[in-house]
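Reader: Could you take me through one part of this model up close? I'd like the geometry, what gets packed away, and the cut-offs behind each term.

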Amino acid sequence: MANILLVFTGGTIGSQLENGTIDTHHAAGFKLIELFKEAYPTQAEIRFKTCQPIQILSENQHPQAWQRIITAIESENLSVFDGII
């Protein structure tokens with residue numbers, strides 16, 4: 001079984017259009033996991049652990065936000081993961 005750390009940041013891929021505004025709703029990005037499972041049902045042996053250290057659009061990220069992402073990743077036991085997205 002593959003273990004993947006999936007780090008959401010609330011950017012464009014994890015946003016949704018809501019009332020004419022791009023919203024970084026915390027649950028929007030997690031839909032990607034469900035879509036993956038639907039599209040690739042034979043890949044059930046992939047386990048995702050998720051974290052979302054920030055929740056802002058990519059174009060609004062800055063070095064302080066990058067540091068929060070790095071800190072979140074480094075706080076994990078990386079030896080148990082086969083990859084990080």
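Author: Start with the span of α2: its twelve residues, at 1.5 Å a residue, should cover 16 Å, and the end C-alpha atoms are 16 Å apart, so the two agree. The expected span here is 1.5 Å times one less than the number of residues. Helices are DSSP runs of H or I with at least four residues, strands are runs of E with at least two, and both are numbered from the N terminus.

A word on the ground rules: this is a predicted model, so local features need pLDDT of at least 70 and side-chain atom pairs count only at pLDDT 80 or more, while totals for chains, interfaces and linings use all residues. Residues are numbered from 1 along each chain as its sequence is written, and side-chain values use heavy atoms, with hydrogens and water left out.

Now for the two sides of the helix. A65, I69, A72 and I73 are buried in α2 (under 20% relative accessible area; exposed is over 50%, partly exposed in between, with a 1.4 Å probe and protein chains only). They cover an arc of only 100 degrees around the axis, so they sit on the same side of α2; the arc is taken from the directions from the helix axis to the C-beta atoms. An α-helix has 3.6 residues a turn, so residues three or four places apart point the same way. P63, Q64 and E74 are exposed on the other side of α2. The cover over the buried residues of α2 includes β1, β4 and β5, where contact means heavy atoms within 4.5 Å.

That buried side feeds the largest nonpolar core, which has nine residues: L5, V7, C51, I54, A65, I69, A72, I73 and F81. Such a core is a set of buried Ala, Val, Leu, Ile, Met, Phe, Trp, Tyr and Cys residues joined through side-chain atoms within 4.5 Å. β1 (2-7) and α2 (63-74) are the elements giving two or more residues to this core, and α2 has the largest share, four residues.

Past α2 comes E76, in the loop between α2 and β5. E76 forms a salt bridge with K49, the closest N and O atoms being 2.7 Å apart (a side-chain nitrogen of Lys or Arg within 4 Å of a carboxyl oxygen of Asp or Glu). Because K49 belongs to strand β4 (residues 46-51) and E76 to that loop, the pair ties together parts 27 residues apart in sequence. A search of the whole structure finds one salt bridge. E76 is buried at 18% relative accessibility, whereas K49 is partly exposed at 39%. Leaving out residues up to four places away in sequence, E76 touches L5, K49 and F81.
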